[in-house]
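Student: Could we work through this model one question at a time, with each term given its cut-offs as it comes up?

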Amino acid sequence: MRILANDGIDAVGKQLLEAVGFEVDTNHIPQDELAEKLNAYDAITVRSATKVRQALIDACPNIKAIGRGGVGMDNIDVDYARSKGIAVINTPAASSLSVGELVFSHLLNGVRFLYDANRKMPVEGNTNFAGLKKDYAKGVELRGKTIGVVGFGRIGRETAKIALGLGMDVIYTDLFEGPATLALTLSGGLVVDVPVKQVAFEDLLKASDFISLHVPFLDKPAIGAAEFALLKDGVGLVNASRGGVIDELELIKALDAGKVAFAGLDVFDNEPTPRQEILQHPRISLTPHIGAATNEAQERIGVELATLLIETLKK
């Protein structure tokens, strides 16, 4: 069996695959060359960069499995692949903590203006120190504030646990009925159940001091003009799920009007070429789609992906 890890795979996962006799190629093949070259492989693993659409699937009838290192599979035509007898697998649990921690990197960044201070201190720090100190003197604490989590799957729950550990109140909305408590593991192995509250989406928008989005790709933005109108003045928004979940043009309007105090974005419309208005906005904290990009998460993803591929291809 030959496997193309087109967007890479952690060394531990590669070793697991090779230990059972699979050949693993980690050399990246550009998207426009895949239809020709993928026929030399029995399976492909991807992250978010490589797209596996119907045309590619049709061009490569030899493919037996498609593996997605991560959660969302909107870069794969999953139903079509499965209709052709191709196994499609992903690793939904492996990166949850890493994404949750990135959400709070953006939140802590936002409430203390680090996104702006890190831009201006190198330029003005030695000439306008007092002025910058005054500009950033009205930070707020997260403790005691309400965070609304939109989408309460694995990543949403991990984000909520971090919030609870910081002393925040957690409300959430989801398409399915969710838990009334989350179990937090404290130092020394002590486990405590902490209350969380499920509410309607509109109620979450109205009540939250901060909002974190954890939903799959949608046909239209979850937060557009109508939803921005419902938000508290001065709310902070973080999107580490999918580009398009927040209407970016409406976000810019809300930031300029002061409706939204700041935004943290790890994902964007038009990746990998986000809008310049977004990239240059003074009240947006930016990262380049790195939610799962920690050493620990990548090792977990690699191991889980390898294990699933072995189970699938050894049948």
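Tutor: Let us fix the measure of exposure at the outset: with a 1.4 Å probe and the protein chains only, a residue is buried under 20% relative accessible area, exposed over 50%, and partly exposed in between. This is a predicted model, in which local features need pLDDT of at least 70 and side-chain atom pairs count only at pLDDT 80 or more, while totals for chains, interfaces and linings use all residues. Residues are numbered from 1 along each chain as its sequence is written, and side-chain values use heavy atoms, with hydrogens and water left out.

Student: Is N270 buried, partly exposed or exposed?

Tutor: Helices (H or I, at least four residues) and strands (E, at least two) are DSSP runs numbered from the N terminus, and N270 sits in the loop between β13 and α12. Although N270 is not a glycine, its phi is positive, at about 60°. The relative accessibility of N270 is 46%, so this residue counts as partly exposed.

Student: Which proline follows a cis peptide bond in the loop between β13 and α12 (276–279)?

Tutor: The residue on the other side of that bond is E271, and omega of the cis peptide is about 10°. The loop between β13 and α12 also holds N270. The proline joined to E271 in this way, and placed in that loop, is P272.

Student: What is the phi of H289, and where does the residue lie?

Tutor: H289 is found in the loop between β14 (284–286) and α13 (295–313). Its relative accessibility is 27%, so H289 counts as partly exposed. In this residue, which is other than glycine, phi has a positive value near 55°.

Student: How many aromatic pairs are counted here?

Tutor: Two descriptors are needed, because a pair of aromatic rings is described by the distance of the centres and the angle of the planes. Rings of Phe, Tyr and Trp (its six-membered ring) pair if their centres lie within 6.5 Å, and planes under 30 degrees apart count as stacked, over 60 as edge-to-face, and the rest as tilted. By this rule the number of aromatic pairs is four.

Student: Why do F113 and Y136 count as a stacked pair, and how many residues apart in sequence are the parts that they tie together?

Tutor: The ring centres of F113 and Y136 are 5.9 Å apart and the planes meet at 25°, so the pair is stacked. F113 belongs to the loop between α5 (96–111) and α6 (114–124), whereas Y136 belongs to the loop between α7 (129–135) and β6 (146–150), so the parts tied together are 23 residues apart in sequence.

Student: Is Y136 buried or exposed?

Tutor: Y136 is the partner of F113 in the stacked pair just described. With a relative accessibility of 16%, Y136 counts as buried.

Student: What angle do the ring planes of F152 and Y172 make?

Tutor: F152 is in the loop between β6 and α8 (154–165) and Y172 in strand β7 (residues 169–173), so this pair ties together parts that are 20 residues apart in sequence. F152 counts as buried at 3% relative accessibility, and Y172 counts as buried at 0%. The ring centres are 3.7 Å apart and the pair is stacked, because the planes make an angle of 10°.

Student: Which residues do ring pairs link into a cluster?

Tutor: The cluster holds one tyrosine and phenylalanines, linked through ring pairs. Its members are Y115, F210 and F262.

Student: Which element gives the most residues to the largest nonpolar core?

Tutor: A nonpolar core is a set of buried Ala, Val, Leu, Ile, Met, Phe, Trp, Tyr and Cys residues joined through side-chain atoms within 4.5 Å. The largest has 26 residues, among which I211, F228, L231, L237, L251 and V260 touch the most other members. At least two residues each come from α9 (201–207), β11 (210–213), β12 (235–239), α11 (248–257) and β13. With four residues, the element that gives the most to this core is α11.

Student: Which residues does L251 touch, leaving aside those up to four places away in sequence?

Tutor: L251 is among the members of the largest nonpolar core that touch the most others. Taking contact as heavy atoms within 4.5 Å, its partners are F228, L237, I246, V260, A263, L265 and I278.

Student: How many residues are in the second core?

Tutor: This core is separate, and its members include V103, V111, L182 and F262. F262 is also part of the ring cluster with Y115 and F210. The number of residues in the second core is 24.
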